[in-house]
Amino acid sequence: MIPGLAIFLLREDQVITRTTLNVLGALTKLALIAAMVLGVYRGQLYETRFPLMPGFDLVLHASALPMLFVVLSAVLWLITTIYAIGYLERSPGRSRFFGFFSVCVSATTGIALSGNLFTFVLFYELLTLATYPLVVHRGTREALRAGKIYLAYTLTGGTVLMVAVVWMHAVVGPFDFMEGGALATHFEDHRQALTILFWVMVASLGVKAALVPLHGWLPVAMVAPAPVSALLHAVAVVKAGAYGIVRLVYDVYGITFVRDLGLGTGLAIWASITIIYASLRALSQDKLKRMLAYSTVSQVAYIILGVGLGGPLASVGGIVHLVHQGVMKITLFFCAGNLAETLGIHRISQTRGVARRMPWTMAAFTVGALGMIGVPPLAGFISKWSLGTGAAASGSPWALAVLAISSALNAAYFLPVVFRAYFQEPLRPWPRESEAERFETHLSLLLPPVITALFVIAMGLAASSTWSPLSWVELLVARIYPGPASGAGGM
């Protein structure tokens, strides 16, 4: 946050100072988080509490689940910062952009470490306000329209969430997030009210998570610069909504309570409708970023599906997809940004033969796309395998059909892009050519997607290693479901 506030004060021509603050801030945060991860792994407690008013404390608490989201945020922030420095090299308003960019990532970290619903709502709203200037950064009529739609959706969702939090506070009093669920002792006394509150909160969080039909802002917001799109889809806004639903189920209501109230099945069905609907919409898109936006709507719903199905295996698949989807999707948006910035390519129909002109970019895109489809041994395969085995183990074979149909649809809208790029001849010159570079594009644009594509491969190949996202998620799921992982226990 401090580098971000300092960047606001810089003139546009203070490029070196701004770049230094950006990179130094991201590296410092990454080092601090690495130390915290080690501490949490060893059982050390990190908690900060500020009483703001009677019954409402600002609480930041680090445990296994929050650290997963914090690490994702910190790593992708560093890589996206490097990308954005190159992407916005000649653009006006860079100090404003990077200032809000840093505030946005700080808000995401606050969301991740929130120790109760009150703290979560504060950072959730800060995230909305910090991302609006990024969405409208270009200042065009289309960007301003997208910003209005974005605010209309997210502020409405945030307001409903705030009302629900106050209502819950009135029903059960103050409480902090707790592994196993904080509301277990209130089950019998407030069954009806807590059931209503659950769905109100899921709907309000579902706006940012882009659950159908609350997703309308996301494809429109694709007018934002590519680094913003990457951040919105991989780690910030949509992930904040999905992460909120994950914490609502595991740390507020608790698996046992959600199962007893019969809420999980409804959640899984809502996610499944979103997965299929968004995949079908992605099929009909010609604008590349818009297709990726619908893909995000579908893929983020996998997280909700895993949470809703219940059982250890499905939970592992859903939570680990929080990380895997983020890395795969940021790779795809980096590549889309490279095509737009270097060759003026914005549409899928313009990608014929582009792999010969930009081989590294399209290689990274292909890895991201195959990962999204679920091709082994990439990261997406690990998520889908866990979700599939979890669906079978929890007695929900219909979810297997959803995963199979969705994967087929993923292939139907991603593979044509890859085929055009590698196997078709260009029909006309590229819409525009940027100035000649030593590499296929500016190095700061080229390295980020190549690095994240390597992450996609590594998270699949090394999924069983101690420090992989999968191993970390298995550790935290073992705390949610104590005892041998039977895979049973669907909600």
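1. In this predicted model, residues 485-491 have pLDDT under 50 throughout, and the model gives them 27 contacts beyond four places in sequence. Where pLDDT is low, the predicted coordinates should not be read in detail. For the chain as a whole, the mean pLDDT is 89, with 97% of residues at 70 or more.

2. On aromatic rings, a search of the whole structure yields 20 aromatic pairs. One of them joins Phe56 and Phe118 in a tilted arrangement, with 5.0 Å from centre to centre and 55° between the planes. Phe56 belongs to strand 2 (residues 56-62) and Phe118 to helix 5 (residues 117-135), so this pair ties together parts that are 62 residues apart in sequence. Phe56 and Phe118 are both buried.

3. A further aromatic pair, Phe198 with Tyr253, is edge-to-face: the centres are 5.1 Å apart and the angle between the planes is 80°. Because Phe198 lies in helix 7 (residues 191-209) and Tyr253 in helix 10 (residues 237-253), the pair ties together parts that are 55 residues apart in sequence. Phe198 is buried, its relative accessible area being 0%; Tyr253 is likewise buried, at 1%.

4. Which residues do ring pairs link into a cluster with Phe198 and Tyr253? They are Trp199 and Phe257.

5. A charge placed over a ring also deserves mention. The ring is that of Tyr124, and the charged end of Lys208 sits over it, 3.7 Å from the ring centre. Tyr124 falls within the residue range of helix 5 (117-135), and Lys208 within that of helix 7 (191-209).

How values were computed
Residues are numbered from 1 along each chain as its sequence is written. This is a predicted model: local features need pLDDT of at least 70, side-chain atom pairs count only at pLDDT 80 or more; totals for chains, interfaces and linings use all residues. Side-chain values use heavy atoms; hydrogens and water are left out. pLDDT is the predictor's confidence in each residue, from 0 to 100. Contact means heavy atoms within 4.5 Å. Rings of Phe, Tyr and Trp (its six-membered ring) pair if their centres lie within 6.5 Å; planes under 30 degrees apart count as stacked, over 60 as edge-to-face and the rest as tilted. Helices (H or I, at least four residues) and strands (E, at least two) are DSSP runs, numbered from the N terminus. Buried means under 20% relative accessible area, exposed over 50%, partly exposed in between (1.4 Å probe, protein chains only). A charge sits over a ring if NZ of Lys or CZ of Arg is within 6 Å of the ring centre and within 35 degrees of the ring normal.
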